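Here are my notes on the model you sent over. Have it open while you read, and go through the points in order.

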Amino acid sequence: MDTVIFNVLIIFGTLFGIIYVAVSSRTRVRLALIEKGADASIFASGLKKNSNIFSIVLVNLSLLLVSVGIGIFLAAILHQSFNIDADVAYPGTIFTVAGIGLFIGYKLSSKIGNQ
């Protein structure tokens, strides 16, 4: 029980440390640019270029989840109908179909990014 609590504390501490370093370094860079007299519009210019990032992440995540579901369904069919060992059918089919879904997501993301 003590090791579980210790592991959870380590994981959350690591996540907090990563987020803290990212936010504080971003703030320091922005303050340094403001002190040098840089225009504040450079902070908003990144938003215009990256406005499609949410849609790209959403497309990739949805395709990944759908393909994992299809992989589980196909693995169950392989296991029940063709008597393929479950230890082979499930991981193999899930990873294969998920890879195909991510490839399709990559192709769709490149089309979204070009618009």
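**Notes on the model**

1. Let's start with the buried side of α4: Ala 89, Thr 93, Ile 94, Val 97, Ala 98, Gly 101, Gly 105, Ser 109 and Ile 112 are buried there. Those buried residues pack against α3. Keep in mind throughout that this is a predicted model.

2. What about the other partner? In α3, the buried residues are Ser 67, Gly 71 and Ala 75, and what covers them includes α4. So that you can find the helices: α3 covers residues 53-81, and α4 runs over residues 86-114.

3. Ser 67 is a good residue to click on. Ser 67 sits in helix α3 and has 5% relative accessibility, so it counts as buried, the cut-off being under 20%. Which residues does Ser 67 touch, leaving aside its neighbours within four places in sequence? The answer is Val 97, Ala 98 and Gly 101, and these three appear in the list of buried α4 residues.

4. I also checked whether the two helices have the length they should. Helix α4 has 29 residues, and at 1.5 Å a residue it should span 42 Å; its end C-alpha atoms are 42 Å apart, which agrees. For α3, also with 29 residues, the expected span is 42 Å and the end C-alpha atoms are 41 Å apart, which agrees as well.

5. Now the connection. Asn 83 lies in the loop between α3 and α4. Just after α3, Asn 83 takes a positive phi of about 55°, although it is not a glycine. For background, most residues other than glycine have a negative phi. Is Asn 83 buried or exposed? Its relative accessible area is 66%, so Asn 83 is exposed.

6. A little further along, Asp 87 is found in helix α4. With a relative accessible area of 65%, Asp 87 is exposed. Measuring from C-alpha to C-alpha, Asp 87 and Ala 75 are 10.0 Å apart in space, with their positions 12 residues apart in sequence. Ala 75 is one of the buried residues of α3.

7. At the other end of the chain, have a look at helix α1 (residues 2-35), which holds both Phe 16 and Tyr 20, 4 residues apart, or about one turn of the helix. The model has 1 aromatic pair. The ring centres of Phe 16 and Tyr 20 are 6.1 Å apart and their planes are at 20°, so the pair is stacked. Phe 16 is exposed, and Tyr 20 is too.

8. Stepping back, the chain has 4 helices and 0 strands, giving the pattern α-α-α-α along the sequence. Of its 115 residues, 11% are buried. Among contacts with a separation of 6 or more, 53% are between residues 24 or more positions apart. The accessible surface is about 9,100 Å², and 72% of that belongs to carbon and sulfur atoms.

9. Finally, confidence. The mean pLDDT of the chain is 87, and 90% of the residues score at least 70. Which element has the lowest mean pLDDT, and which the highest? Helix α2 (residues 41-49) is lowest at 61, while α3 is highest at 93. Where pLDDT is low, the predicted coordinates should not be read in detail.

Conventions: Residues are numbered from 1 along each chain as its sequence is written. This is a predicted model: local features need pLDDT of at least 70, side-chain atom pairs count only at pLDDT 80 or more; totals for chains, interfaces and linings use all residues. Side-chain values use heavy atoms; hydrogens and water are left out. Rings of Phe, Tyr and Trp (its six-membered ring) pair if their centres lie within 6.5 Å; planes under 30 degrees apart count as stacked, over 60 as edge-to-face and the rest as tilted. Buried means under 20% relative accessible area, exposed over 50%, partly exposed in between (1.4 Å probe, protein chains only). Contact means heavy atoms within 4.5 Å. Accessible areas come from the Shrake-Rupley method with a 1.4 Å probe; for residues, only the protein chains shown count as cover. pLDDT is the predictor's confidence in each residue, from 0 to 100. The expected span of a helix is 1.5 Å times one less than its number of residues.
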